[in-house]
Number of protein chains: 2
Amino acid sequence: MKARTVDRRVQRTQQLLRSALMALIQEKGFESLSVQDIIDRANIGRATFYAHFDSKEDLLASGIEGLRASLKERQRQALAEGGRDDASVLAFSHELFAHAHEHRAVFRAMVGKRSGAVVQQLLQKMLVDLVRDEVKQMMTSSDATAMPLEAMAQYIGGGLIGLLIWWG
Amino acid sequence: MKARTVDRRVQRTQQLLRSALMALIQEKGFESLSVQDIIDRANIGRATFYAHFDSKEDLLASGIEGLRASLKERQRQALAEGGRDDASVLAFSHELFAHAHEHRAVFRAMVGKRSGAVVQQLLQKMLVDLVRDEVKQMMTSSDATAMPLEAMAQYIGGGLIGLLIWWG
DNA sequence: TCGTTTCCGAACATAATGTTCAAGTTCTTC
DNA sequence: GAAGAACTTGAACATTATGTTCGGAAACGA
């Protein structure tokens, strides 16, 4: 927490860019999309774009950050309640699927056949991080298995993202 | 099976392009690589490249096809032997990991941090197809579960690719 | 109101894309 | 080994995106 107040212009600019990105993703997918398209749609100067983001990937990541924070919070709650019943294992995944369903128009366009490579990678990294944290906490509390924590996180994270994309 | 003999020039051209691609991937990754780089390295005319492939992704896919055929054959063998012991379940995965290890220099460059999004997607699709075929055969032979075949294939395929990339 | 931050927009150099075509060459096959 | 088919070449071309620069204008916070 460093900047208490963010300049209103900065907020507007970034919000316009994110909105434009989402709209354009639905229209033509992510890969076949240029920075030029985004700034045209957002009606933002070229120089301004590069003052805020390095690339369209960077802009996309900033958009996904909101989702990540939300899932992380959900996970924190479930783990805090201490329950180890089925409902609290990977509790964030419920919200994840719900979120994908709610925004399924843009979600499908994002990870759809042609365009989704970069998006998928971003999402997968996010999920693996979440799973790792969770598995770590579950294991230290009692279990001891031969399987490396990281391998488990990678496998489960990869499986989740595969499932999500197929299902979405 | 249609063309028994492929023109020697075609073979040479495609081989040169594939070799150039592999070499360049190791040097600068896949994404930050242009068709221009490839044809310069391969010393092949620009028009010739586009006569064979639509894009660098297309060229890459043609390279991966060899691996796919090999894994498929391995799977066919294991299933034909009819055994349902541990060693024959997902038998192709052993070869998959071996292959990744053998060519780990190029493999790492392919799926490494920055560059691997497109490659990952291609590999994952290939794996899911393999897993689906196998699960289908295993299920019809006796089991009946509530879980949809496709969901299983997607989950396992995604998990495998996650594991592979982390491990490789 | 005043000083600071941000935005603009236009210009610029560089580079890649994908297509076309006539001319040359290498293959295959008979 | 000759004829004809198939392939490769190089150059040109129009189009488009990239990322950076700058001074001046505008919006902001306090």
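**Reading a two-chain model with DNA**

Trainee: Which helix gives the most to the surface near DNA strand D?

Mentor: A residue is near a strand if its C-beta atom, placed from the backbone, lies within 6 Å of it, and helices are DSSP runs (H or I, at least four residues), numbered from the N terminus. Here α3(B) gives the most to the surface near DNA strand D, with four residues. This is a predicted model, in which local features need pLDDT of at least 70 and side-chain atom pairs count only at pLDDT 80 or more, while totals for chains, interfaces and linings use all residues. Residues are numbered from 1 along each chain as its sequence is written, and chains are lettered from A and ligands numbered from 1 in the order in which they are written.

Trainee: Which residues come nearest to DNA strand D, and which are closest to DNA strand C?

Mentor: Around DNA strand D there are 22 residues, of which A:V35, A:A47, B:T13, B:A47 and B:T48 come nearest. DNA strand C is surrounded by 21 residues, the closest being A:T13, A:A47, B:S34, B:V35 and B:A47, and α3(A) gives the most to the surface near this strand, with four residues.

Trainee: How do the residues of the surface near DNA strand D divide by class?

Mentor: Ala, Val, Leu, Ile, Met, Phe, Trp, Tyr, Cys and Pro count as nonpolar, Asp, Glu, Lys and Arg as charged, and the others, Gly among them, as polar. The surface near DNA strand D has seven nonpolar, seven polar and eight charged residues, whereas the one near DNA strand C has seven of each class.

Trainee: How many residues does each chain bring to the contact between chains A and B?

Mentor: Two residues are in contact if their C-beta atoms, placed from the backbone, lie within 7 Å. Chain B and chain A each bring 17 residues, and on the side of chain B that touches chain A, α8(B) supplies the largest share, twelve residues. By class, that side of chain B has eight nonpolar, eight polar and one charged residues.

Trainee: Why can one say that the copies meet through the same surface?

Mentor: The reason is that 100% of the interface residues of chain B are also interface residues in chain A. When the copies are superposed by least squares on the C-alpha atoms of residues with pLDDT of at least 70 in both, chain B can be laid on chain A with an RMSD of 0.1 Å by a turn of 180° and a shift of 0.0 Å along the axis. The two copies are thus related as by a two-fold rotation axis.
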